[in-house]
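User: I should like to go through the assignments in this model one at a time. For each, please set the value against the criterion and state the conclusion.

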Amino acid sequence: MDWLQGNSAEILRAMTVLAATQAVNVVGAIVVLIVGRLAAGWIRRLVAGGLRRAALDETLVPFLSGMTYFAVLAFTVVAVLGIFGVPTASFVAVLGAAGLAVGLALQGSLSNFAAGVMLLVFRPFRVGDVIEAAGTLGTVRQIGVFSTEVDTLNNIRVILPNSTIYGDKIANLSANELRRVDMLFGVSYQDDLGVARETIERIVRAHPRVLESPAPTVEVSALAESSVNFVVRPWCRTEDYWTVHFELHRHLKEGLESAGCSIPFPQRDVHLHQVA
């Protein structure tokens, strides 16, 4: 009987100590959760403010600040588990394995996301730019985290995965203030090259959107099969490119014909021999 009473007292004392210890752990865990939650919100606002001051694309700011927020919360949960004696090393290992599995399952999406981050950070192009990428030529309408929307020149909306764009050559036709219009015109071998060159230069320099500096180039480039070819390379502002391109083609054809020059086309002489 005395033995039973002694054991009961020991059990009671052990339970009291355990309850007191767990009460301290619970209070500590609550404090850690509250502090971690507040710290996560503060760090998220701090990161978002820093990203905006760095002029990072607004599409990326909420995502990166949100990732920071949840990362701090994850560390907070791990700290709480450590207070209760849960082996956090194995817990972190499980989380790492789960993250690896999810990463392998979403390999394509993560590749697009990584490429989207690079596009938004390094900005090889912006919304409104005319680009040629992944075999598509058009105007950028939206740059997302996973894909980019481009309107082609015939107004078709094309959605390109970011990994396809970033892994290929990107030509930004709107990046520079000036562009050169490259054209090729041929005249007949019987035409006076001096007259042809003077006519081309006069028409090119008379166009209101062609710049005086850099000066346009008009030179004989090749003696082709059916024509003597001139390269015609005027400069203009980027937004005037297509206007100059289309109008000069028409004006130069009309001007060369008015000056007595002919614009030949490929032709072949066929000689028939009659066999007796």
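Analyst: The structure holds 12 salt bridges. A salt bridge here is a side-chain nitrogen of Lys or Arg within 4 Å of a carboxyl oxygen of Asp or Glu. This is a predicted model, in which local features need pLDDT of at least 70 and side-chain atom pairs count only at pLDDT 80 or more, while totals for chains, interfaces and linings use all residues. Residues are numbered from 1 along each chain as its sequence is written, and side-chain values use heavy atoms, with hydrogens and water left out.

User: What makes the contact of D151 with R157 a salt bridge?

Analyst: The closest N and O atoms of D151 and R157 are 2.3 Å apart. The criterion is a distance within 4 Å, and the pair D151 and R157 therefore counts as a salt bridge.

User: Why is D151 called buried, and why is R157 called partly exposed?

Analyst: Buried means under 20% relative accessible area, exposed over 50%, and partly exposed in between, with a 1.4 Å probe and protein chains only. D151 has a relative accessible area of 8%, so D151 is buried. R157 has 47%, so R157 is partly exposed.

User: Where does E219 lie, and where does its salt-bridge partner R197 lie?

Analyst: The closest N and O atoms of E219 and R197 are 3.2 Å apart, and the two form a salt bridge. E219 lies in strand β8 (residues 217-223) and R197 in helix α6, so the pair ties together parts that are 22 residues apart in sequence. Helices (H or I, at least four residues) and strands (E, at least two) are DSSP runs, numbered from the N terminus. E219 has a relative accessibility of 37% and therefore counts as partly exposed; R197, at 32%, is partly exposed as well.

User: How do you know that E198 and R202 form a salt bridge, and how far apart are they in sequence?

Analyst: Their side chains meet at 3.7 Å, N to O, which is within the 4 Å limit. E198 and R202 both lie in helix α6, four residues apart, about one turn of the helix. E198 is partly exposed because its relative accessible area is 43%, and R202 is partly exposed because its value is 45%. Elsewhere, salt bridges that share partners join R141, E149, D151 and R157 into one network.

User: What makes β3 and β4 paired strands?

Analyst: Two strands pair if DSSP finds at least two bridges between them. Five bridges join β3 to strand β4 (residues 157-161), and the two run antiparallel; the criterion is therefore met. In β4, the bridge partner of D151 is R157, the residue with which D151 also forms its salt bridge. β3 and β4 form a hairpin with four residues between them, and N155 in the turn has a positive phi of about 65°.

User: How many bridges support the pairing of β2 with β1, and with β3?

Analyst: Strand β1 (residues 130-133) and strand β2 (residues 136-143) pair in the antiparallel sense over four bridges, with E132 opposite L137 in β2. This hairpin has two residues between its strands, and A134 in the turn has a positive phi of about 55°. Five bridges join β2 to strand β3 (residues 147-152), again antiparallel, and T148 in β3 is the bridge partner of I143. The hairpin from β2 to β3 passes through three residues.

User: Why is F246 called exposed, and to which patch does F246 belong?

Analyst: F246 lies in helix α7 (residues 241-258). Its relative accessible area is 54%, so F246 is exposed. With L137, L153 and W242, F246 forms a nonpolar patch on the surface, with about 410 Å² of accessible area together. Such patches are made of residues with over 30% relative accessible area and no salt bridge, like charges being joined within 9 Å and nonpolar side chains (Val, Leu, Ile, Met, Phe, Trp, Tyr) within 5 Å. Accessible areas come from the Shrake-Rupley method with a 1.4 Å probe, and for residues only the protein chains shown count as cover.

User: Is S188 buried or exposed, and which residues does S188 touch?

Analyst: S188 is placed in the loop between β7 (183-187) and α6 (193-206). At 10% relative accessibility, S188 counts as buried because the value is under 20%. S188 touches S262 and P264, not counting residues up to four places away in sequence, where contact means heavy atoms within 4.5 Å.

User: How confident is the predictor in the chain?

Analyst: The mean pLDDT, the predictor's confidence in each residue from 0 to 100, is 81, and 76% of the residues reach 70 or more. Confidence is lowest in helix α3 (residues 88-105), at a mean of 59, and highest in strand β10 (residues 235-237), at 96.
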